[in-house]
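Let's take a walk through this structure together. Have the sequence and the model side by side, and we'll stop at a few spots along the way.

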Amino acid sequence: MGDMANNSVAYSGVKNAVKEANHGEFGVTLAELRSLMELRATDALHKIQECYGDVQGICTKLKTSPNEGLSGNPADIERREAVFGKNFIPPKKPKTFLQLVWEALQDVTLIILEIAAVVSLGLSFYQPPGGNEACDLLPADGILIQGNDLKIDESSLTGESDHVKKSLDRDPMLLSGTHVMEGSGRMVVTAVGVNSQTGIIFTLLGAGGDEEEKEKEKKDKKSKKQDGAVENRNKAKAQDGAAMEMQPLKSEDGVDGDEKDKKRSNLPKKEKSVLQGKLTKLAVQIGKAGLLMSAITVIILVLYFVIDTFWVQKRPWLAECTPIYIQYFVKFFIIGVTVLVVAVPEGLPLAVTISLAYSVKKMMRDNNLVRHLDACETMGNATAICSDKTGTLTMNRMTVVQAYISEKHYKKIPAPEAIPENIMAYLVTGISVNCAYTSKILPPEKEGGLPRHVGNKTECALLGFLLDLKRDYQDVRNEIPEEKLHKVYTFNSVRKSMSTVLKNSDGSFRIFSKGASEIVLKKCFKILSADGEPKVFRPRDRDDIVKTVIEPMASEGLRTICLAFRDFPAGEPEPEWDNENDIVTGLTCIAVVGIEDPVRPEVPDAIKKCQRAGITVRMVTGDNINTARAIALKCGILNPGEDFLCLEGKDFNRRIRNEKGEIEQERIDKIWPKLRVLARSSPTDKHTLVKGIIDSTIFDQRQVVAVTGDGTNDGPALKKADVGFAMGIAGTDVAKEASDIILTDDNFTSIVKAVMWGRNVYDSISKFLQFQLTVNVVAVIVAFTGACITQDSPLKAVQMLWVNLIMDTLASLALATEPPTEALLLRKPYGRNKPLISRTMMKNILGHAFYQLVVVFTLLFAGEKIFDIDSGRNAPLHAPPSEHYTIVFNTFVMMQLFNEINARKIHGERNVFEGIFNNAIFCTIVLGTFVVQIIIVQFGGKPFSCSKLSIEQWLWSVFLGMGTLLWGQLISTIPTSRLKFLKEAGHGTQKEEIPEEELAEDVEEIDHAERELRRGQILWFRGLNRIQTQIRVVNAFRSSLYEGLEKPETRSSIHNFMTHPEFRIEDSEPHIPLIDDTDAEDDAPTKRNSTPPPSPNKNNNAVDSGIHLTTDMNKSATSSSPGSPLHSLETSL
């Protein structure tokens, strides 16, 4: 295989794929390798030893050399690819253009218009006479053969930020998509492509995969579920690819399973968004009303003509007059189609598309890359945001923010001149040489960006501290290169410190040490005083610093680091450098600094905006609870005096699970409304929380949840959320694939902008509806009344089409492109059942329709007298256009243009001109429409049924049009609450209107309706189960007293936790965060001003009991015996 450089892993062995091999060829099957890679740490080691002996045994069965790898023989490679497949995950097949067109044509409004178009086309044929990080990415799953200090960053797959140490005797499992951070090694490849852990998750998220295999998996899953129903209830699904599924009130559907699967397989994969559902329902209602009006218009016209001609005038039906009669009937039918086309809101789909497309384009400038259009609109209804901490709320760069130097505690970085010169010299030299030379701060990649931190985050914070003090560490490193360092005691988790020895030119030695403050301070016998000179540092002085400096820093979530030095005089014999304990003692303290990952400066204001907008922000992080709580306070997620919960992942799991280890929705409902911080959480916990909030029914409105994520294991949570935000910088490909929106700057403020744009889309559609429905009401009533009274529509077909163009295409473009304002964040989310047309909007629609109808009918029946012109009523069939009807048409269009300005406000605001010049598109469309109207009237002639108007007639038309603005002010003064007769319109689809099977998202979940129907049965069943479980718990507890208490084992990575389904309540003793100490801090979760919900452990903090209560689901929560009555009861239910 050859030599390997540092930070690399060599690959040998096998590639996995879809087909299974038999034992005859390779001695191990695909299924065996795939299941092996799902195990972690000791479980994986036991499996390897049990089935294969050791890693060498696997290599033997796979016919590969642990040293040389594969032979490279093309025939051998081809055979392995045929058996195990290629290391390639097929991308999700995109929809073709024709598929997209076909989906668009399914819109109800378009179907009505398509029918109208076919009818119009048919009529047209009738002619009557006369008419950046430096590390290696693992491309496959494998098992470690040999390694040297190998550390892997598994955060992309597991969400854990700690580097996981890999070794043959501890955790040899290596996963694709993870990064080699330190050391080197050699591995045998056991899974590639769709069978690797990353590939499995991609497949779960819908990327690639064979449909037949998916069907097979579904059947296998179903049969397993039926065969082992009771046993499966007691096991948590905790694989890397599939997050632990919540099982709220789960039951088995033995008999109807196949039928339900068939029904659900025929359903669309994703239900319509909230806005789409409301618009579809509204469009259908308007379409039905328009169709009815159209039919009535045609019937009345035909009846009036027949009765007047053949009954009143007593004319006989003459054969030679038949073409004339047919021509009249065709004219009536065209009027009816015109009424229908005007009534149908065909601009609705266009308005939605334009609004979303415009918003998506503008959101790109706000660092939101929208992958699914409906996510933009859904975000406007968000009621909860579950956000990561690192990089989203914080800057993802450790920074020194406080310092204790020269006996003074600085809450901010001190000015360089405030520090004595000799102390400054110790600081500069000590930090420069006593940090790994691989840790450095590089210039920003983009102009105006932040400097890049490379290497250890804590050391980069110290180097940044020097730059803040206007000192350059690189000058010192150039003077003292790494090879001149006499001795280096590298950092490890035992000593919690790092020390570097320098040899001076006079033969003396100086050692610089840095580390966890409480450890290094104990080794300090002196401290540099205010004048820069060493003075005695007694134990009580140390206690004072701990109380006045270190503990206050730690309480704010800062990691405290002590910097110290020691001199070895030249005259003394050279120390024994291998005896570290004698060397690193008798130190002189230079300074104590507090470092943190600071909150982004814009985040607190953004969170305030969210809270004001009725959105609850929750922090879900893998960091320790002290740091998470401190950051949450600084962000404003937690506010003093509020009733809130801060929990760690293990405590969250304990509270939401029953005695059998099953997750219960009722338990989640007691926690999530007050939960603000979930610390030490795994991606599984995040998925559980998100699913629990979405499934909750404790409030009238269903919660709309947005989630941020960057790791591969965040995929299920991102997919489950209503809107999933993936990190564009730190996010993995799987996270981005599962997301709806990608934050290109990983910044929380971009989420707030997404909320603004989402609400703006909703309001833009409402503005368009307010405008269009006013035109619809007036145009339909005018066409219907005019046709019935005068045997002709005052607005001709071509004029109607122009009005249609104004109120649909151009209006949707003008009103759907309104930019968002901060005012959108001053109201609560609309919710899923909020109607599109509010009572205020209905008041505006009916009020303006009343004004326009009065004006139009006045002009229609008295216009010839007002303007002293010939009447256009009762004109012959082919009469030339009249001034009378042209004035009616022109005034009608002018009223629509000025009402378009009124439609910019939908909440009763008086100033309809506010921000009008911020929307250049709106101004352009209004002015452009006005110009085109002049051209149509003055030069349109017979094609547009228009006659030229005088200046006076134009001024009257414009004046009557401007009257809508004044009338709008009058309407605004009428309180909506006084108008009891007004009704809302455009409600969302109610739950009871949806078939039960359509509510279900997948086979594993029970919908709300099903849950309500079964609640009685389930509660009865659960009561019996509780009795059974209590007996088990008593027995388990009694046996544990005799056997001795089990000590919780140390876990090096999240995999270990996920593969151990037991949940423990442990001792909790807060301690100060150590340098690079990211081990779990067993701090008690905080809950202020609230009574904790009932839990198995009455002492929620578990501090004073001193007992580790262990509930092992594999033992204490086993199912009842197959022969017992309880077992048969469970099976039947």
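Is S750 buried or exposed? Keep in mind as you look that this is a predicted model. S750 sits in helix α30, and its relative accessible area is 1%. Buried means under 20%, so S750 counts as buried. Who are its neighbours? Leaving aside residues up to four places away in sequence, S750 touches D366, N367, N368, L743 and D745.

Now step back a little along the chain to D746. This residue belongs to the loop between β25 (741-743) and α30 (748-790). Its phi is near 55°, a positive value in a residue that isn't glycine. D746 is buried too, because its relative accessible area is 6% and the cut-off is under 20%.

For another positive phi, head over to K470, where the angle is near 65°, again in a residue other than glycine. K470 also lies in a loop, this one between α18 (457-468) and α19 (473-479). Here the surroundings change, though: K470 has a relative accessible area of 63%, so it is exposed, whereas D746 is buried.

Our last stop is on the surface. F97, L98, V101, W102 and L105 make a nonpolar patch there of about 570 Å². Pick out W102, one of the patch residues, and you'll find it in helix α6, which covers residues 97-104. With a relative accessible area of 57%, W102 is exposed, because exposed means over 50%.

Technical notes
Residues numbered from 1 in each chain as written. Predicted model: local features only at pLDDT ≥ 70, side-chain atom pairs only at ≥ 80, totals over all residues. Heavy atoms only, no water. Helix = DSSP H or I, 4+ residues; strand = E, 2+ residues; numbered from the N terminus. Buried < 20%, exposed > 50% of the residue type's maximum accessible area, 1.4 Å probe, protein only. Patch = residues over 30% accessible without salt bridge, like charges linked within 9 Å, V, L, I, M, F, W, Y side chains within 5 Å. Areas by Shrake-Rupley, 256 points an atom, 1.4 Å probe, with all protein chains shown as cover. Salt bridge = Lys/Arg side-chain N within 4 Å of Asp/Glu carboxyl O. Contact = heavy atoms within 4.5 Å.
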